[in-house]
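User: Please take a close look at a single part of this model, the packing of its helices, and describe it for someone new to it. Add whatever else can be said about pockets.

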Amino acid sequence: MNKNYIMPSGYNQNYIKEKGVEWRSLSYNSSITLSERKLNVLLPYGYSGEKEYPVLYLLHGIGGDENEWKGAGPEYIISNLLEEHKIKEFITVLPNVRTRADDKGNPDDIFTLEHFRVFDMFREELEENIMPFMEENFKTRKGRENTAIAGLSMGGRESLYIGLTRPGTFGYIGAFSPAYGIFPYTNNGVTEKGLFKKEEFKLSDNYKDNTFLMLANGDNDLVTKEQSYKYHNVLMKNNTKHLYKIYIGGHDFSVWSNGLYEFVQHIFNE
């Protein structure tokens with residue numbers, strides 16, 4: 001891992017073995033793609049199945065897969081925050097968001113409407129296959145107060161889409177450099193109508209005071225540009241409380257690792 005990605009000081013690889021988290025690479029069967037699909041899971045070190053844990057679903061970007069977040073060193077971020085007693089233990093699930101049988105990263109059709117649609121289909125993949133798989137195979141705590149979703153770039157777009165359309169499921173929503181598509185746009189030769197009307201992009205009265213929502217962006221992001229700021233402004237106009245952070249950096253892990261570092265300190269604190 002490139003430790004330049006990790007801004008907070010004092011990161012120690014030994015925490016991974018002593019008190020931190022451990023990686024597992026797993027497969028599950030999808031009823032949507034009719035194929036076996038991969039995901040990674042970060043478990044609290046020494047996980048035995050005797051204790052229940054809350055769950056964070058962490059989503060990759062448009063060209064990535066279930067391994068992309070490894071570039072941010074989430075095991076270091078989580079392990080060190082655990083050592084510093086700044087967070088509680090939780091399970092992190094890193095799935096492949098590209099919901100089709102051919103789900104390899106950086107596909108030939110990467111900037112196409114068809115490709116974007118399979119990312120939007122991940123909401124159903126998550127509900128129908130991944131969450132039941134996690135509940136069946138791991139000791140997970142149920143309830144929105146124990147369930148979080150976050151992602152980078154296209155994964156940030158999907159986290160906003162899934163979190164705001166399923167507020168009864170997710171009590172914590174994070175979007176780091178979220179991609180185009182929340183509202184109508186044309187970019188890279190693709191035009192979309194948008195996942196939300198501006199007046200719909202909000203949390204309802206039932207959830208606006210008990211949901212942690214975070215947006216983050218780099219101050220020199222030349223990929224998603226002003227999208228995060230647009231989303232922030234609409235949330236402000238719709239009286240939806242949220243945290244909006246700007247980090248030094250572009251559309252890269254210098255921003256996303258810091259977004260994750262901030263986000264996980266706000267989740268599962270009840």
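Analyst: **Three helices and a pocket**

Helices α3 and α4 are roughly parallel to each other, because their angle falls in the class under 35 degrees (over 145 is roughly antiparallel, 65 to 115 roughly perpendicular, the rest oblique). The model is predicted, so local features need pLDDT of at least 70 and side-chain atom pairs pLDDT 80 or more, while totals for chains, interfaces and linings use all residues. Residues are numbered from 1 along each chain as its sequence is written, and side-chain values use heavy atoms, without hydrogens and water.

α3 covers residues 113-120 and α4 covers residues 122-137; helices are DSSP runs (H or I, at least four residues), as are strands (E, at least two), numbered from the N terminus. The angle between α3 and α4 is about 30 degrees, with the axes 4 Å apart. Axes are lines fitted to C-alpha atoms, for helices over the stretch in contact, and angles run from 0 to 180 degrees between N-to-C directions. On the α3 side, Val-118, Phe-119 and Asp-120 meet Phe-122, Arg-123 and Glu-124 of α4, where contact means heavy atoms within 4.5 Å. This contact has three nonpolar, no polar and three charged residues. Ala, Val, Leu, Ile, Met, Phe, Trp, Tyr, Cys and Pro count as nonpolar, Asp, Glu, Lys and Arg as charged, and the others, Gly among them, as polar.

α3 also packs against α5, at about 50 degrees and with the axes 10 Å apart. The pair is therefore oblique. Phe-116, Arg-117, Phe-119 and Asp-120 of α3 meet Met-154, Arg-157, Glu-158 and Tyr-161 of α5. Four of these residues are nonpolar, four are charged and none is polar.

α4 and α5 form another pair: their axes come within 10 Å and cross at roughly 60 degrees. That angle makes α4 oblique to α5. Phe-122, Arg-123 and Leu-126 of α4 make the contact with Tyr-161, Ile-162 and Thr-165 of α5. By class, there are four nonpolar residues, one polar and one charged. Tyr-161 thus appears in the α5 contacts with α3 and with α4.

The largest pocket holds about 320 Å³ of space, the volume filled by probe spheres set on grid points joined across faces, edges and corners. A pocket is an open set of points on a 1 Å grid over the protein atoms alone, where a 1.4 Å probe fits, with protein on both sides within 12 Å along at least five of seven lines; lining residues have an atom within 4 Å of a point. α5 (154-165) and β7 (185-187) each give two or more residues to the lining. The lining residues divide into eleven nonpolar, eight polar and four charged.
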